[in-house]
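Work through these exercises with the sequence and the 3D view open. Try each task before you read its solution.

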Amino acid sequence: MTKALWTPSQSRIDASLLRAFQNQVSDKLADMDYDTLWQWSVNDKAAFWNAVWDFTNIIGDKGDTVLVNEDDIVNAQFFPNARLNYAENLMAQSGDGVAVIFHAEAGDVTEWSWDDLHAEVSKLQQAIRALGVGVGDRVAGFVPNTPHTLAAMLAVTSLGGVWSSCSPDFGFNGVVDRFGQIEPKLLFCADGYHYNGKTFASADVVDQLADAMPSLKSIICLPHIGAEPSAKCTTLETFTNGITAKPVEFIKVGFADPLFILFSSGTTGLPKCIVHSVGGTLIKHLEEHQLQGDIRPGDRLFYFSTCGWMMWNWLVTALASKATLVLFDGNPFYPDGNRLADIAQASKVTHFGTSAKYIDACSKADISPIKNHDLSSLRAIFSTGSPLSPEGFEYIYSDWKQDVCLSSVAGGTDIVGCFTGGSPIDPVYSGQCQKRQLGMDVQVFGDDGMAVTSGPGELVCAGPQPSQPAGFWNDPDGAKYHAAYFDVFDNIWHHGDWVELTDEGGMI
């Protein structure tokens, strides 16, 4: 048996949201270990996801049916009669508690209360609606990771609109290859962005985008670096001038209606436009945040991400768990390699997320926050983007914190979530994702399409789960979608990762 790098205390296990979930669902689940609970969750998906809806207090009408067409993964539907709004669930909290803390690369720190967030979203919602944006309309963001970007996304989705974003370091071709396909009505941009101590204005690229996308009714420029915006933009101040904040209205839509459009890397041809649903995204993120990550009201979640990576979408949904978002935009090594640890200390981060590449870079640069930072608030570290090496695991425990749950998570843009990742009630082993995520029938398949329990093989998902894409944009017969995931094995999601189950119930 491999030696554990970290094991949760019994008191920590007993106090976890996962244990509370088990106790709430039924006495039969109360004493199950994780692997037995996982087996139940994939054997009875309807019961599991129904229980997740109830436990996480999703706002909306659940309807009378949880799952139909379970045996046909492509056409399975969760909560087919449900009506809900994504933004309403993220904005359930109000008051003067802190909703968002933003650290600009230059060092400025901005805090918004929940009431501040509501006010900003309300003004934007009213201005956007006046331009005719409503259910199903696409709005794009060529934006840095700031509170204003968050407010724009919430205003769009509060109206049942569809949000899609990429970061401002994308060149014109990268942006138009993505947004040009989805024909957005509005474009949010910023006047520019900071990186590595330098400022980069966005006006030239925005000018080109205005000419290249005839679907645009308006371009709204969010303030960030103080640069002169494109003449083809309306400034945020002008856009919301004269509008008074009032209670935000929320337009309820179907569970499977579109929420986000994310993009494949586009290594062959144009990037694929992956459409993610309102309910599927929300319930999957709530499950991952609360049951797998133990994120609770008042916790502070930081994830180093741009708005062009699905981890931004994952991060912002944590508002639905009444957690505070800690945002950063810029170079994580500016002015030096301690920058993100400085943020974790200053903002009392409880859950710190980053990439395996960043952890490796910190290790090579001999960054050792354990020696000079107070990370006493930190309970979990998330790593993704690529596999975290055994050396990376050991580095976190030697140089960051010893009593912390290090969760290497793996999934992707395709499901805007994870197949495998953390468990707050189980040990951490070097080089392993702790567990297969609940409700995700993750298996390892050989070339013959049969499951293997030892040795490496293909990562597959052998049953439906709610954050499968609603489809691809401009793929009316579903042929591209089917070819991407279901052509290799019949009625089985083929993900394209090479994986291996471990004796400890984890995954490499």
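**Exercise 1. Locate proline 335 and describe the peptide bond before it.**

Step 1. Proline 335 sits in the loop between strand 19 and helix 14 (339-346). Helices (H or I, at least four residues) and strands (E, at least two) are DSSP runs, numbered from the N terminus.

Step 2. The peptide bond from tyrosine 334 to proline 335 is cis, with omega near 0 degrees.

Step 3. Compare this with the general rule: most peptide bonds are trans, and most residues other than glycine have a negative phi.

A word on the source. This is a predicted model, where local features need pLDDT of at least 70, side-chain atom pairs count only at pLDDT 80 or more, and totals for chains, interfaces and linings use all residues. Residues are numbered from 1 along each chain as its sequence is written, and side-chain values use heavy atoms, with hydrogens and water left out.

**Exercise 2. Find where lysine 322 and lysine 348 lie, and state how exposed each one is.**

Step 1. Lysine 322 belongs to the loop between helix 13 (310-316) and strand 19. Its phi is positive, about 60 degrees, although lysine 322 is not a glycine.

Step 2. Lysine 348 is in the loop between helix 14 and strand 20 (351-355). Lysine 348 is not a glycine either, yet has a positive phi of about 50 degrees.

Step 3. Now apply the cut-offs: buried means under 20% relative accessible area, exposed over 50%, partly exposed in between (1.4 Å probe, protein chains only). Lysine 322 has 31% relative accessibility, so it counts as partly exposed. Lysine 348 has a relative accessible area of 52%, so it is exposed.

**Exercise 3. Give the strand order of the open sheet of seven strands, and name its edges.**

Step 1. The order is 7-6-19-18-20-21-22, and the pairing is mixed. Two strands pair if DSSP finds at least two bridges between them.

Step 2. Strand 7 (109-113) and strand 22 (405-408) are the edge strands, each pairing on one side only.

Step 3. From one strand to the next, the twist averages 15 degrees.

Step 4. Helix 7 (residues 114-130) packs on the sheet and touches strand 6 (98-104) and strand 7. Contact means heavy atoms within 4.5 Å. The direction of helix 7 makes about 85 degrees with that of strand 7. Axes are lines fitted to C-alpha atoms, for helices over the stretch in contact, and angles run from 0 to 180 degrees between N-to-C directions.

Step 5. Look inside the sheet. Strand 18 (residues 300-303) and strand 19 (residues 324-329) run parallel, joined by three bridges. Arginine 300 faces threonine 324 in strand 19.

**Exercise 4. Describe the hairpin of strand 11 and strand 12.**

Step 1. Strand 11 (residues 192-195) and strand 12 (residues 198-201) run antiparallel, with four bridges joining them.

Step 2. Tyrosine 193 stands opposite phenylalanine 200 in strand 12.

Step 3. Two residues lie between the strands of this hairpin. In the turn, asparagine 196 has a positive phi of about 55 degrees.

**Exercise 5. Check the span of helix 8, and decide whether its residues are buried or exposed.**

Step 1. Helix 8 (residues 147-158) has 12 residues. The expected span is 1.5 Å times one less than the number of residues.

Step 2. The span should be 16 Å, and the end C-alpha atoms are 16 Å apart, which agrees.

Step 3. 12 of the 12 residues are buried, so helix 8 is largely enclosed by the rest of the structure. Among them are His148, Leu150 and Met153.

Step 4. Just after helix 8, glycine 160 takes a positive phi of about 80 degrees.

**Exercise 6. Classify the pairing of phenylalanine 21 with phenylalanine 55.**

Step 1. Rings of Phe, Tyr and Trp (its six-membered ring) pair if their centres lie within 6.5 Å; planes under 30 degrees apart count as stacked, over 60 as edge-to-face and the rest as tilted. The search of the whole structure finds 28 aromatic pairs.

Step 2. Phenylalanine 21 and phenylalanine 55 are 5.5 Å apart centre to centre, with 85 degrees between the planes, and the pair is edge-to-face.

Step 3. Phenylalanine 21 lies in helix 2 (residues 17-25) and phenylalanine 55 in helix 5 (residues 45-55), so the pair ties together parts that are 34 residues apart in sequence. Both phenylalanines, 21 and 55, are buried.
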